[in-house]
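Here are some exercises to work through at your own pace. Have a look at the structure, try each task, and then follow the solution step by step.

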Amino acid sequence: MPSLTKEEVLALDKQYNQHPWLTGTVEPLAIARAEGIYFWDYDGKRYFDMSCQLTCSNIGFGNEAVNNAIKAQLDRFAYVAPAHAFEAKSVLAKKLVELAGGGMAKVFFTCGGSDANEAALNMARTVTGRAKVLSRYRSYHGSTLGSGNISGDPRRFSLEQPAANGFLKFFDPYVYRSDRAFESDAAASAYYLGLLESQIQYEGTDQIAAVFVESVTGANGVIVPPDGYLQGLRELCTRYGILLVCDEVMAGFGRTGKAFGFQHWGVEPDIISFAKGVTCGYVQLGGIIISRQIADFYKDHLFQFGLTYSGHALACAAGVACLELYERENLFERVASLGKVLGELLEEQKVKHACVGDVRYIGLFSALELVKSKETKEPLVPYAKDAEGVMKRIFGLLRERGFSTYGRENNINVTPPLTITEQELREAFVILDEVLTIVDKTFI
Ligand SMILES: Cc1ncc(COP(=O)(O)O)c(C=O)c1O
């Protein structure tokens, strides 16, 4: 391995690497090493990984069991074409189907989340013979042509080409920003589902192949649906022969305190897309879990989709090791209880700081929504127009103090590794508290 200085790494990066989603001057952090819930820069400064990178490094860095499983697979073989069977892929598919429960039957592996949603889109259109798909504004499902058009947040704008038809958007059950107050979760669910049902009727009840939803919206500010919403959505989809695709790329694998987010509400999707926590980033992997009905359809229909590296052997070995670790260490149950502490810490920040309008959380999946005024709920930065880079500066203040995370629009996402201890969580919140005090004083 070449051993470069920080300056050399950054100079090469600046000259040769195109970074995703960023314009203007990019100031990447050069990372020297990482272990557990921390990583270090070249100056020896330590950072709490309070977002698990992109909400994927659920078990932290340097896990020995996962490293060893990858090395053992490497010694056997690193890669074979997706048409072949091998132990890790067979075992992982079985584990995933069992984890999903209900009527799920088979897995198709991809390399990540975007291509998992492409596969889901392809299947939904083929199985139903319909073209249109519905998804929500506050959503992210990937950045390839199909998955990017399913995404609702502004990252879709550059992909919305005239050729990509049939991608329709509907409103999220984003109760904090609703134009009305609801007496109960049931009332909120009924309102949003009523709007969606009207939209389905206007678009043609026999025209829509699928509804894509993140069971708990992730990157766009951790929007937890009101109770009854996903159950009602399931009924609506069934009524009109529409497939329900739950995108569990971010919410899956214990993030919410259950294997998959939708399991909090007892629904059974037709397709589940997954990635991230399946291998915790040790090797990239994604895929879809499909229902018995869809699996049966493909007994005598061609699945016109494939990727050279889908279900890569090293990734499947990492996946088996991650799922075993989740189970061995009871991580999902641990998240459910540690999530209560996270919730309390967030509520304290909301009471203490004028800039915190709302906090949303489930398990170790959370966001703080920043506002100029709690009364008017005016967002700290306007939607899709943070021209002055206010949020970037706030993330910079956090990073300077060793708290690494990200967020979209006026949200700070907090999604730490599932292995974080209560004490580490409390230590990290001291930094967050300090930065929110600065925001109160200087940004609102
Ligand atoms: C909910 C969700 N779906 C899909 C994706 C796309 O996954 P990938 O970046 O692995 O293509 C993401 C990525 O953040 C995501 O959060």
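## Exercise 1: The two sides of a helix

Start with this picture of helix α4: its buried residues are Ala 88, Lys 89, Leu 92, Ala 93, Leu 96, Val 97 and Ala 100. Please keep in mind that the model is predicted.

**Task.** Work out which side of α4 these residues are on, and what they pack against.

**Solution.**

Step 1. Begin with a general point: an α-helix has 3.6 residues a turn, so residues three or four places apart point the same way.

Step 2. Now return to the buried residues of α4, Ala 88 through Ala 100 in the list above. They cover an arc of only 155 degrees around the axis, which puts them on the same side of α4.

Step 3. Look at the other side of α4, where Lys 94 and Glu 98 are exposed.

Step 4. Find the partners. The buried residues of α4 pack against the helices α3 (64-76) and α10 (313-328), and also against the strands β4 (104-110), β9 (271-274) and β10 (286-291).

## Exercise 2: Checking helix lengths

**Task.** Compare the span of α4 with the value expected at 1.5 Å a residue, then do likewise for α10.

**Solution.**

Step 1. Helix α4 covers residues 87-100, which is 14 residues, and should span 20 Å. Its end C-alpha atoms are 20 Å apart, so the two values agree.

Step 2. Helix α10 has 16 residues, and the expected value is 22 Å. From its first C-alpha to its last, α10 reaches 22 Å, close to that expectation.

Step 3. See what comes after each helix. Just after α4, Gly 101 has a positive phi of about 65 degrees. After α10 comes Asn 330, with a positive phi near 50 degrees.

Step 4. Add the surroundings of α10: 13 of its 16 residues are buried, so α10 is largely enclosed by the rest of the structure.

## Exercise 3: Salt bridges across the chain

**Task.** Find out which parts of the chain are tied together by Arg 408 and Asp 153, and which by Arg 177 and Glu 369.

**Solution.**

Step 1. Arg 408 and Asp 153 form a salt bridge, with their closest N and O atoms 3.2 Å apart. Arg 408 sits in the loop between β13 (403-404) and β14 (411-414), while Asp 153 sits in the loop between α6 (145-150) and β6 (167-170), so the pair ties together parts 255 residues apart in sequence. Both Arg 408 and Asp 153 are buried.

Step 2. Turn to Arg 177 and Glu 369, whose side chains meet in a salt bridge at 2.7 Å, N to O. This pair links distant parts of the chain, 192 residues apart: Arg 177 is in the loop between β6 and α7 (185-203), and Glu 369 is in strand β12 (residues 365-370).

Step 3. Compare their accessibility. Arg 177 is partly exposed, with a relative accessible area of 27%. Glu 369 has 0% relative accessibility, so Glu 369 counts as buried.

Step 4. Asp 296 and Lys 299 also form a salt bridge, with the closest N and O atoms 3.1 Å apart. Asp 296 is partly exposed at 30%, and Lys 299 counts as exposed at 66%.

Step 5. Finish with a network: salt bridges that share partners join Arg 177, Asp 358, Arg 360 and Glu 369.

Methods. Residues numbered from 1 in each chain as written. Predicted model: local features only at pLDDT ≥ 70, side-chain atom pairs only at ≥ 80, totals over all residues. Heavy atoms only, no water. Helix = DSSP H or I, 4+ residues; strand = E, 2+ residues; numbered from the N terminus. Expected span 1.5 Å × (residues − 1). Buried < 20%, exposed > 50% of the residue type's maximum accessible area, 1.4 Å probe, protein only. Arc of directions from axis to C-beta. Contact = heavy atoms within 4.5 Å. Salt bridge = Lys/Arg side-chain N within 4 Å of Asp/Glu carboxyl O.
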